[in-house]
Each structure stands twice: as C-alpha cells, then as structure tokens.
Amino acid sequence: MAHAMKSRGRATPFSLAVTGIVVLAAVLLSASGANSAPPGAHDDGVVRAVGLGWTGLGAGLDRLAAAVLVVLPLGTRALRASIASALLTGACAWACADLASRFAEAALAPLLPR
C-alpha cells in the first residue's frame with residue numbers, strides 16, 4: 001500500500017491524482033462561499049483583507065494573500081479576497097495531503113514485505 005503511494009521518495013501518478021482531487025475539492029468548496037458583499041458578521045476580516053484599516057498585529061498576512069488578486073478584474077475587493085482565501089485553503093490542503101501521505105507511508109512501511 002505504501003509503495004502505491006510513493007516509490008523511493010518520488011510521487012507516483014496515483015498519489016498525485018489523490019492530492020490533486022483533495023486540493024481541487026478544498027478550493028471549490030471554499031470558493032463556493034465567496035460573495036461579492038460579505039455578511040456583517042465578518043466586518044473585521046473584510047476590513048483587514050482588503051486593506052482598509054488596522055485590525056491587529058496579524059493584518060499583514062491577510063493583505064499579502066489578498067494583494068495577489070487585487071489586480072484582477074473579478075468583481076469587488078471582498079470577492080477577490082475570498083477567492084485568495086480559497087486558493088490559500090488549497091495550498092493548506094496540499095500540505096495536509098502530503099503530510100498525511102508521508103505519515104501513512106511511515107506507518108505502513110513496517111507492515112509491508114520488502
């Protein structure tokens with residue numbers, strides 16, 4: 001099973017396909033909640049992401065993520081910030097899928113014949 005996931009440290013087509021499906025699902029599910037006008041409960045996050053004001057010490061990370069898509073002509077700033085968030089969710093999903101694959105390979109390696 002572990003050899004089907006990775007062979008000698010290289011990703012196999014199967015592991016790449018599984019990781020791609022996980023990343024695509026995460027991005028699509030996250031982007032499905034993107035709105036042109038965010039709800040009022042998210043005021044602090046919107047102000048921080050679109051760069052209109054100071055909302056705390058960690059504001060720089062949100063601005064960097066949203067600044068990548070500010071130049072694209074995609075609706076409002078809030079929509080672009082939520083799409084940037086969806087792309088970051090995909091990057092996190094890729095990291096989690098890779099980590100889970102490595103953990104599974106390490107856990108199953110002693111059980112498999114060599």
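**Close-up views of a predicted model**

Ser 15 is a buried residue, at a relative accessible area of 10%. Keep in mind throughout that the model is a predicted one.

**View 1. Ser 15 sits in helix H2 and pairs up in space with Asp 98.** Along the chain, Ser 15 and Asp 98 are 83 residues apart, yet 8.9 Å is what separates their C-alpha atoms. Ser 15 belongs to H2, while Asp 98 is among the buried residues of H5. So the view brings together two buried residues, one from each helix: Ser 15 with its 10%, and Asp 98 from the H5 list.

**View 2. Helix H2 has a buried face and an exposed side.** H2 takes in residues 13-31. Its 19 residues reach 26 Å from first C-alpha to last, close to the 27 Å expected at 1.5 Å a residue. Which residues of H2 are buried? They are Ser 15, Thr 19, Ala 26 and Val 27. Looking down the helix axis, you'd find these buried residues within an arc of 95°, so they line one face of H2. Over on the other side of H2 are exposed residues: Pro 13, Phe 14, Ile 21, Leu 24, Leu 28 and Leu 29.

**View 3. Phe 14, Val 18 and Val 22 form a nonpolar patch on the surface.** The patch made by this trio covers about 250 Å². Val 22 is part of helix H2, and with a relative accessible area of 35% it counts as partly exposed. Phe 14, another patch member, is one of the exposed residues of H2.

**View 4. The loop after H2 comes up against residues of H5's buried list.** Ser 32 and Ser 36 are the two loop residues to look for here, both between H2 and H3. Helix H3 itself covers 43-49. Ser 32 is exposed, at 57% relative accessibility, whereas Ser 36 is partly exposed, at 44%. From the C-alpha of Ser 32 to that of Ala 86 is 8.9 Å, with their positions 54 residues apart along the chain. For Ser 36 and Arg 80, 44 residues apart in the chain, the C-alpha separation is 8.4 Å. Ala 86 and Arg 80 are both among the buried residues of H5.

**View 5. Arg 102 and Asp 98 are joined by a salt bridge.** How many salt bridges does a search of the whole structure find? It finds 1, and here it is: the side chains of Arg 102 and Asp 98 meet at 3.1 Å, N to O. Both residues are in helix H5, which spans residues 77-108, and because they are 4 residues apart there, about one helical turn separates them. Asp 98 is on the buried list for H5.

**View 6. Helix H5 is as long as its residue count says it should be.** With 32 residues at 1.5 Å each, H5 should span 46 Å, and its end C-alpha atoms are indeed 46 Å apart. The buried residues of H5 include several alanines, among them Ala 78, Ala 81, Ala 84, Ala 93 and Ala 97. Leu 79, Gly 90 and Ser 101 are buried in H5 too.

**View 7. Cys 92 and Cys 96 are not linked by a disulfide.** The whole structure, when searched, gives 0 disulfides. Cys 92 is in none, and the nearest cysteine sulfur to it, that of Cys 96, is 6.6 Å away. Cys 96 tells the matching story, with the sulfur of Cys 92 as its nearest at 6.6 Å. A disulfide would need the two sulfur atoms within 2.5 Å, so this pair doesn't count as one. Is Cys 96 buried or exposed? Cys 96 is exposed, with a relative accessible area of 52%.

**View 8. Stepping back, the chain holds 5 helices and 2 strands.** Starting at the N terminus, the elements run α-β-β-α-α-α-α. The chain has 114 residues, and buried residues make up 25% of them.

How values were computed: Residues numbered from 1 in each chain as written. Predicted model: local features only at pLDDT ≥ 70, side-chain atom pairs only at ≥ 80, totals over all residues. Heavy atoms only, no water. Salt bridge = Lys/Arg side-chain N within 4 Å of Asp/Glu carboxyl O. Patch = residues over 30% accessible without salt bridge, like charges linked within 9 Å, V, L, I, M, F, W, Y side chains within 5 Å. Areas by Shrake-Rupley, 256 points an atom, 1.4 Å probe, with all protein chains shown as cover. Buried < 20%, exposed > 50% of the residue type's maximum accessible area, 1.4 Å probe, protein only. Expected span 1.5 Å × (residues − 1). Arc of directions from axis to C-beta.
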